[in-house]
Structure formats: structure tokens, C-alpha cells
Amino acid sequence: MIRGLLPWILIDLGVCDKGKDCESAGGSHSWYNHDDKTSACYHCKVTRPGRLWEVPRA
């Protein structure tokens, strides 16, 4: 993905937007805490309920 190689300022200014869905492009999501109830992907526009950003303990 070219987005991972761009400086963050270009992304923050909206020059390069997030993709629609990492999984549909053959990738996987990288989750972050959106609002303590929802997980959002760093690389695409997908959000899901739950705390997917937390790594399960073994």
C-alpha cells in the first residue's frame, strides 16, 4: 500500500485518504482505540464494536 509510505501530513491534510477495507484488498486490519467502545483500523475506514486493539492474554 502506498499509504504506508506517505508522510502523515499528507494523510492528515486529506491528500491521501484511507482505503475502504483492508480485508477486501487481501490485507489485515491494524486496530486502534476509537472511543473505548469501538475499534477503528489505521489503514482503512472500517470500524467495529469491541476492543479489538487489545492483545488477548495467553
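## The aromatic pair

Tyr42, with a relative accessibility of 41%, counts as partly exposed. The model described here is predicted, and a search through the whole structure returns one aromatic pair. That pair is formed by Tyr32 and Tyr42, whose ring centres are 4.7 Å apart and whose planes make an angle of 40°, so that the arrangement is classed as tilted, the class between under 30 degrees for stacked and over 60 for edge-to-face. The pair links distant parts of the chain, since Tyr32 belongs to strand S1 (residues 31-33) while Tyr42 sits in the loop between strand S2 (38-41) and strand S3 (47-49), ten residues apart. Tyr32, for its part, has a relative accessibility of 23% and is likewise partly exposed.

## Ser39 in strand S2

Ser39 is located in strand S2 and, at 0% relative accessibility, is counted as buried. A polar atom of the Ser39 side chain lies 2.7 Å from the backbone oxygen of Gly50. Leaving aside residues up to four places away in sequence, Ser39 touches a set of residues that includes Trp31, Tyr32, Val46, Arg48, Gly50 and Trp53.

## The cysteines

The count of disulfides comes to zero. For Cys22, the closest cysteine sulfur is that of Cys41 at 3.7 Å, which is too far for a bond because a disulfide requires sulfur atoms within 2.5 Å. The sulfur of Cys44 also has its closest cysteine sulfur in Cys41, at 3.7 Å, and is therefore too far away for a bond. Cys22 is buried at 3% relative accessibility, and Cys44 is buried with a relative accessible area of 1%.

How values were computed
Residues numbered from 1 in each chain as written. Predicted model: local features only at pLDDT ≥ 70, side-chain atom pairs only at ≥ 80, totals over all residues. Heavy atoms only, no water. Phe/Tyr/Trp six-rings, centres within 6.5 Å; stacked < 30°, edge-to-face > 60°. Helix = DSSP H or I, 4+ residues; strand = E, 2+ residues; numbered from the N terminus. Buried < 20%, exposed > 50% of the residue type's maximum accessible area, 1.4 Å probe, protein only. Polar contact = N/O pair within 3.5 Å; in protein donor to acceptor, adjacent residues only side chain to side chain. Contact = heavy atoms within 4.5 Å.
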